[in-house]
Amino acid sequence: MRTTPETLLQLVRDRWSIESWHWIRDTQLDEDAHRYRGNGAGAMATLGTAALKLLRLAGYQSIRAGMRAVTHDITALLAMARRQPELRL
C-alpha cells in the first residue's frame, strides 16, 4: 500500500475515533451485554445515541457524571431534551 504519512495518520485517527465512540457506548450504556433482536437493537442504539448527544449538548464533559446526574431525575432529563441549541456564528 503506497500512501503518504499524512494519509496514514488520518486513517489511524479515523479508526480510533470510531473505536473511542464504541468504547463509550459499551462502558456507559453496556451495549455489548444486551441481547436485543430485530428492530429493538436499532431502537435502543438510536435512544442511546440521543442520550449521549443530549449529555454532551448539556455541557457534560464526562458521560458518567452526566448519567449519574440525570439517572433518577426525570425533570432534569426532560429539561435537557427541551433545551434550545445555541447558535454559533
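Arg25 is found in helix α1 of this predicted model, and this residue offers a convenient point of entry. Is Arg25 buried or exposed? With a relative accessibility of 6%, Arg25 falls under the 20% limit and therefore counts as buried. The side chain of Arg25 is joined to that of Thr49 by a polar contact of 2.6 Å. When residues up to four places away in sequence are set aside, Arg25 touches Asp30, Glu31, Ala45, Gly48, Thr49 and Leu52.

One of these partners, Gly48, lies in helix α2. Gly48 has a relative accessible area of 9%, and because this is under 20%, the residue is buried. Apart from neighbours within four places in sequence, Gly48 is in contact with Arg25 and Leu29. Gly48 and Arg25 stand 23 residues apart in sequence, while their C-alpha atoms are 7.7 Å apart in space.

These contacts lead to the arrangement of the two helices. Two packed helices are described by the angle between their axes and the distance between the axes. Here, helix α1 spans residues 5–29 and helix α2 spans residues 39–57; their axes come within 11 Å and cross at roughly 100 degrees. An angle from 65 to 115 degrees counts as roughly perpendicular, and α1 and α2 are therefore roughly perpendicular to each other. On the side of α1, the contact is made by Trp21, Ile24, Arg25 and Leu29; α2 contributes Ala45, Gly48, Thr49, Leu52, Lys53 and Arg56. By character, the residues of this contact comprise five nonpolar, two polar and three charged.

The next topic is the nonpolar interior. In soluble globular proteins, nonpolar side chains tend to be buried together. Which residues make up the largest nonpolar core of this model? The core has seven residues in all: Ile24, Leu29, Leu52, Leu55, Ile63, Val70 and Met80. Helices α1, α2 and α3, the last of these covering residues 63–70, each supply at least two residues of this core. Leu55, one of the core residues, touches Tyr60, Ile63, Gly66, Met67, Val70 and Met80, not counting residues up to four places away in sequence.

Thr46, also found in helix α2, provides a final point of reference. Its relative accessibility is 53%, and because this is over 50%, Thr46 counts as exposed. Thr46 and the core residue Val70 are 24 residues apart along the chain, and their C-alpha atoms are separated by 18 Å.

Notes:
Residues numbered from 1 in each chain as written. Predicted model: local features only at pLDDT ≥ 70, side-chain atom pairs only at ≥ 80, totals over all residues. Heavy atoms only, no water. Axes fitted to C-alpha atoms, helices over the stretch in contact; angles between N-to-C directions. Helix = DSSP H or I, 4+ residues; strand = E, 2+ residues; numbered from the N terminus. Parallel < 35°, antiparallel > 145°, perpendicular 65-115°, else oblique. Contact = heavy atoms within 4.5 Å. Nonpolar A, V, L, I, M, F, W, Y, C, P; charged D, E, K, R; others polar. Buried < 20%, exposed > 50% of the residue type's maximum accessible area, 1.4 Å probe, protein only. Polar contact = N/O pair within 3.5 Å; in protein donor to acceptor, adjacent residues only side chain to side chain. Core = buried A, V, L, I, M, F, W, Y, C linked by side-chain atoms within 4.5 Å.
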